[in-house]
Amino acid sequence: MLNDIYWNLDPVLFSAMPFTVRWYGIAYVAGFVCAALLIWRLAKRWRIRVDADALLTIMFCVIIGVVAGGRLGYVLFYGNGLEFYLQNPLEVLAFNHGGMSFHGGLVGALLAGIAAAKMTGIPYLTLADLGCVAAPIGLFFGRLANFVNGELWGGPTDLPWGVVFGGAAGTMPRHPSQLYEALLEGVLIFAVLFMLSRRLPPRPRGTFLGVFLIMYGCCRFAIEFVRQPDVQLGYLWGGWLTMGQLLSVPLVLVGIGVLVYALRMKKPQQGLPELPQGE
C-alpha cells in the first residue's frame with residue numbers, strides 16, 4: 001500500500017514555465033510559517049514579550065542560518081570533497097546536485113540566533129528554546145518531502161511497508177526511513193517539547209534546547225541503522241557507523257550539558273526588554 005502511494009506522488013506540485021514549484025520547497029515554506037506562528041503563540045503563553053518586528057527579525061536570521069548552514073554542512077560532510085568544490089565553486093550553490101544537511105542547518109540556526117538575540121535584546125537561550133519547540137514541525141515536513149523525492153531511503157527490507165524507490169535505489173523494497181524520521185524527529189520530539197512547554201511558569205532557559213539536542217541525536221543515531229548511507233561516503237567504520245551517527249553524538253553530549261546548566265541555573269524565560277515608563 002505504501003509503495004502504491006509513493007508511485008502516485010509527483011515531486012513537482014506544478015510547473016508554469018519558467019517556474020517549477022516542488023513539494024520540497026513547499027515543505028521549507030510551510031515549516032518556517034508554522035514555526036513563526038508557534039513561536040508567537042508560545043511567547044504569549046509564557047507571557048514574554050515578542051512583538052511582530054522581533055518575530056520577523058528572528059525568522060529572517062533563522063532562515064538565512066538554516067539555508068546557508070544546511071548547504072555548507074552538506075558540502076563539508078557529505079559532498080564530493082573540499083578539492084572538488086575548490087575547483088568547482090559554483091557547485092556549492094547547486095542545490096540540485098545534493099541537498100542540505102540537518103546538522104549544518106542546526107549549527108547555522110544556532111549561530112543566527114546569536115545575531116537575532118543581539119538585534120532584539122531577547123536572551124539567546126529563550127530564543128533557542130522557542131525555536132526548538134517549533135523545529136520538529138519543519139523536520140516533519142522536510143522528511144515527508146524527502147519521501148516524495150525518493151531520496152535518503154533506507155536499506156533493503158522484507159517488511160510489508162517496504163517501498164521500491166527505483167533509480168539508484170534499485171528494484172528491491174527498502175525501509176521508508178524518511179517516514180521513520182518524520183515520526184521520530186518530527187512527531188515524537190514535538191509532542192515531548194510541546195507537552196513540556198505547557199507548564200507555567202515556563203521551564204528554565206535552555207531546557208528545551210537541551211532536550212531537543214538529546215532527543216534528535218538519539219533518534220537520528222537509531223534511524224541510521226536502517227537508513228542507507230550516502231553512496232559517496234558509505235560506512236565510516238565497522239560496517240555500521242555512518243556520518244549521520246558521528247555527527248549526532250556531539251549533539252547528545254552538548255544537549256546534556258545545556259540541560260544540566262538550565263536545571264542548575266534556573267534562569268526564567270525572558271522576552272523583549274521592558275519599555276521605560278511612559279513610552
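The following questions and answers concern helix H8, the cavity and the cysteines of a predicted model.

Residues are numbered from 1 along each chain as its sequence is written. In this predicted model, local features need pLDDT of at least 70, side-chain atom pairs count only at pLDDT 80 or more, and totals for chains, interfaces and linings use all residues, while side-chain values use heavy atoms, with hydrogens and water left out.

Visitor: How far apart are the end C-alpha atoms of helix H8?
Guide: A helix here is a DSSP run of H or I with at least four residues, numbered from the N terminus. The expected span is 1.5 Å times one less than the number of residues, so the 17 residues of H8 (residues 207-223) should span 24 Å. The distance between the end C-alpha atoms agrees, at 24 Å.

Visitor: How many residues of H8 are buried?
Guide: Buried means under 20% relative accessible area, exposed over 50%, and partly exposed in between (1.4 Å probe, protein chains only). H8 is mostly covered, and of its 17 residues the number buried is 14.

Visitor: Is Cys61 buried or exposed?
Guide: The relative accessibility of Cys61 is 8%. Because buried means under 20%, Cys61 counts as buried.

Visitor: Why does Cys218 form no bond with the closest cysteine sulfur, and how far away is that sulfur?
Guide: A disulfide is a pair of cysteine sulfur atoms within 2.5 Å, and the structure holds zero of them. Cys218 is partly exposed, with a relative accessible area of 42%. Its closest cysteine sulfur, in Cys219, is too far for a bond, at 6.9 Å.

Methods
Helix = DSSP H or I, 4+ residues; strand = E, 2+ residues; numbered from the N terminus.
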